[in-house]
Amino acid sequence: PKTDIVFLKVHKSASSTVMNILFRFGETHNLTFAFPQGGGFQLYYPHHFLARFVQGFSPQSPRRFNILCHHMRFLQPEVEKVVPSSAVYFSILRNPVQLMESSFVYYKGASAFSRVRSLEEFLSQPYRYYNPASGDRHYARNLITFDFGFNPDGDASPERVQLMLNAIEASFDFVLISEYFDESMVLLKELLCWDLDSVVSFPLNTRDSSTKSTLPDWAVEKLKAWNRLDWEIYTHFNRTFWQRIERAVGRERMRRELRALRARRAELARTCLQGAGSVRPKDIKDSSLRPLQHGGARILGYNLKQGLEQELERTCRRLVTPELQYSSLLYKKQFPPPPA
């Protein structure tokens, strides 16, 4: 199994669920994580990543970490200073239409969104609300492009788009697609040589459907044009994703693997969870399992069954521990506080 990994966590793209998979794998195999200085949750995002943002890194004694997966704005030469040269690089993308609809609710306080009532209102005259000079502009335009380290206000000419795609392909071993999450997990398992249980997960950091809205067709077209760079990246990697599956897994085996993955997830849900699945934040009984609530979104969580035997309880709890709580727990394990 591959144990040196760089995961570029693109915002609002099922990346918290992937992070849970990496946290569990790292914890089980006693791997080290490149944590933000002081145990924060982002590597000084939205600044481009620098090696010195990582706790325990020093240029004098370059220490390598196994897994780099916290939010960052990608900058490969700096990333290479903190992970082994054998590291596998991957990311996950989501359709920019749903991505922006999600960002609008989640980052409602961002300067570009704070003065509009709806995403349609923003899209009808984006330049009225969007300021390319504001520090949080990336939440409102080409967020994928920004997270990969490029300029979200850059020119979208075919030549420039091609250069950007070439750069991503040169840096990343593969790119997953969140709309095909299960297929993505089969591919991840295959390319990292992991076992099935390592890639089984429950969806984390998902929001209650009552805050989701469907955009009219005109708004979808405006949104694609406004996020043209993101749209180009997404459509390219959505296409190559299926080519990659053909090469690495093949259709027939993919069907078998998907059945096995879904059956195992259903089995774990029956074993671990109370009720049929995720619940609203106010219904989560164990406060340590309550995810951070952000913006206008209601983020769902889980209740574990009572009375599970110890080892099983631990497995189940790890599957449903929200990102921030899990990150803090692993940070304390890797950098134990000095005894009082």
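The exercises below, each followed by a worked solution, concern a predicted model.

**Exercise 1.** Work out in which order the four strands of the open sheet lie, and which of them are the edge strands.

Solution. Begin with the general idea that strands of a sheet pair through backbone hydrogen bonds, either parallel or antiparallel. In this model the four strands form an open sheet in the order S2-S1-S3-S4, and their pairing is parallel. Next, look for strands that pair on one side only, which is the case for S2 and S4, and these are the edge strands. Then follow the pairings in detail: S1 and S3 are joined in the parallel sense over four bridges, and Phe7 has Phe90 in S3 as its bridge partner. Strand S3 (residues 88-93) also runs parallel to S4, to which four bridges join it, and here Ser91 has Val175 in S4 as its partner.

**Exercise 2.** Decide whether the two faces of strand S4 (residues 174-177) are covered or open.

Solution. Take one side of the strand, where Phe174 and Leu176 are buried, and then turn to the other side, where Val175 and Ile177 are buried as well. Both faces of S4 are therefore covered, because residues count as buried when their relative accessible area is under 20%. As a further step, find helix H11 (residues 228-248), which lies across S3 and S4 and runs at about 100 degrees to S4.

**Exercise 3.** Describe how helix H1 is placed against the sheet and against helix H13 (residues 310-320).

Solution. First, H1 lies across S1, S2 and S3, running at about 160 degrees to S1. For the second part, recall that two packed helices are described by the angle between their axes and the distance between the axes. The axes of H1 and H13 come within 9 Å and cross at roughly 145 degrees. Asn20, Arg24 and Glu27 of H1 make the contact with Arg314, Arg318 and Leu319 of H13. Sorted by character, these residues divide into one nonpolar, one polar and four charged.

**Exercise 4.** Compare the surroundings of Lys12 and Cys193, and state whether each is buried, partly exposed or exposed.

Solution. Lys12, found in the loop between strand S1 (5-8) and H1, has a positive phi of about 55 degrees although it is not a glycine. Its relative accessibility is 12%, so Lys12 counts as buried, the limit being under 20%. Cys193 sits in the loop between helix H8 (181-192) and helix H9 (196-199), and its phi, near 55 degrees, is likewise positive in a residue other than glycine. At 46% relative accessibility, Cys193 counts as partly exposed.

Note on methods. Residues numbered from 1 in each chain as written. Predicted model: local features only at pLDDT ≥ 70, side-chain atom pairs only at ≥ 80, totals over all residues. Heavy atoms only, no water. Buried < 20%, exposed > 50% of the residue type's maximum accessible area, 1.4 Å probe, protein only. Pairing = 2+ DSSP bridges. Axes fitted to C-alpha atoms, helices over the stretch in contact; angles between N-to-C directions. Contact = heavy atoms within 4.5 Å. Nonpolar A, V, L, I, M, F, W, Y, C, P; charged D, E, K, R; others polar.
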